[in-house]
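Dear colleague,

Please find below the sequence and the structure that I am handing over to you. My findings follow directly after them.

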Amino acid sequence: KMELEQLRKDMVAAMKAKDKARKDSISSLVSAVKKVAIDEGCRDNISSELVDRVILKELKSVKEQIDTCPDSRPELKAEYQARYDVISEYAPKLMSAEEVKSYITEKFAEVVATKNKGQIMKAVMAELKGKADGKVINQVVGELCK
């Protein structure tokens, strides 16, 4: 679980180390966390769940920037990659497809038995939000419904 305070400390450390790329990456995370906290009305009480959720969202958008960056712009791609690497240090460890599968079959055996993908996704997503990638969950549930 990542705390906002830790991000702030690391940002200050990066500033002191004159590591601009790292400072900028962490700074963007801090801003994103604050924005979401304000939007959700919990500015003074920011949970580590919220921080983790924002980090995963930021990681996903930087990944999209890397994937959509034209090959003719290697310096930009390298910048995005550096940002991705910094952000991924803070991202919560996500469950693998195997872990997701055993979790679902163990905890949601009754729902899985229905073979109703929509129902299973609905039950599972609430539990696994921020713990596993949505695509991985969707894939596993798809296999279980066969």
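**Findings**

Lys115 counts as partly exposed because its relative accessibility is 44%, and partly exposed lies between the limits of 20% for buried and 50% for exposed. Please bear in mind that this is a predicted model. Lys115 sits in the loop between helix H6 (109-113) and helix H7 (117-128). Its backbone deserves a remark: phi of Lys115 is near 60 degrees, a positive value in a residue other than glycine.

A positive phi is also found at Lys18, where the angle is near 55 degrees, and this residue is likewise not glycine. Lys18 comes just after H1 and belongs to the loop between H1 and H2. With a relative accessible area of 74%, Lys18 is exposed, since the limit for that class is over 50%.

I turn next to helix H1 itself, which comprises residues 4-16. Its 13 residues should span 18 Å at 1.5 Å a residue, and the C-alpha atoms at its ends are 19 Å apart, so the expected and the computed lengths agree.

Which residues of H1 are buried? They are Leu4, Leu7, Asp10, Met11 and Ala14. Because these residues cover an arc of only 120 degrees around the axis, they lie on the same side of H1. Lys9 and Lys16, on the other side of H1, are exposed. As for the partners of the buried residues, they pack against three helices: H2 (20-39), H3 (48-68) and H4 (74-90).

Two of these partners, H2 and H4, also pack against each other, at an angle of about 55 degrees and with their axes 9 Å apart. H2 is therefore oblique to H4, as the angle lies between the limit of 35 degrees for roughly parallel helices and the range that begins at 65 degrees for roughly perpendicular ones. The crossing of the two helices H2 and H4 is right-handed.

Where the two helices meet, H2 contributes Arg22, Ser25, Ile26, Ser28 and Leu29. Their counterparts in H4 are Arg83, Val86, Ile87, Glu89 and Tyr90.

In viewing the structure, you may wish to begin with H1 and its buried residues, including Leu4 and Met11, and then proceed to the crossing of H2 and H4. The loop residues Lys18 and Lys115 may be inspected last.

Yours sincerely

Methods. Residues numbered from 1 in each chain as written. Predicted model: local features only at pLDDT ≥ 70, side-chain atom pairs only at ≥ 80, totals over all residues. Heavy atoms only, no water. Helix = DSSP H or I, 4+ residues; strand = E, 2+ residues; numbered from the N terminus. Expected span 1.5 Å × (residues − 1). Buried < 20%, exposed > 50% of the residue type's maximum accessible area, 1.4 Å probe, protein only. Arc of directions from axis to C-beta. Contact = heavy atoms within 4.5 Å. Axes fitted to C-alpha atoms, helices over the stretch in contact; angles between N-to-C directions. Parallel < 35°, antiparallel > 145°, perpendicular 65-115°, else oblique. Left-handed = near helix turned anticlockwise from the far one by under 90°.
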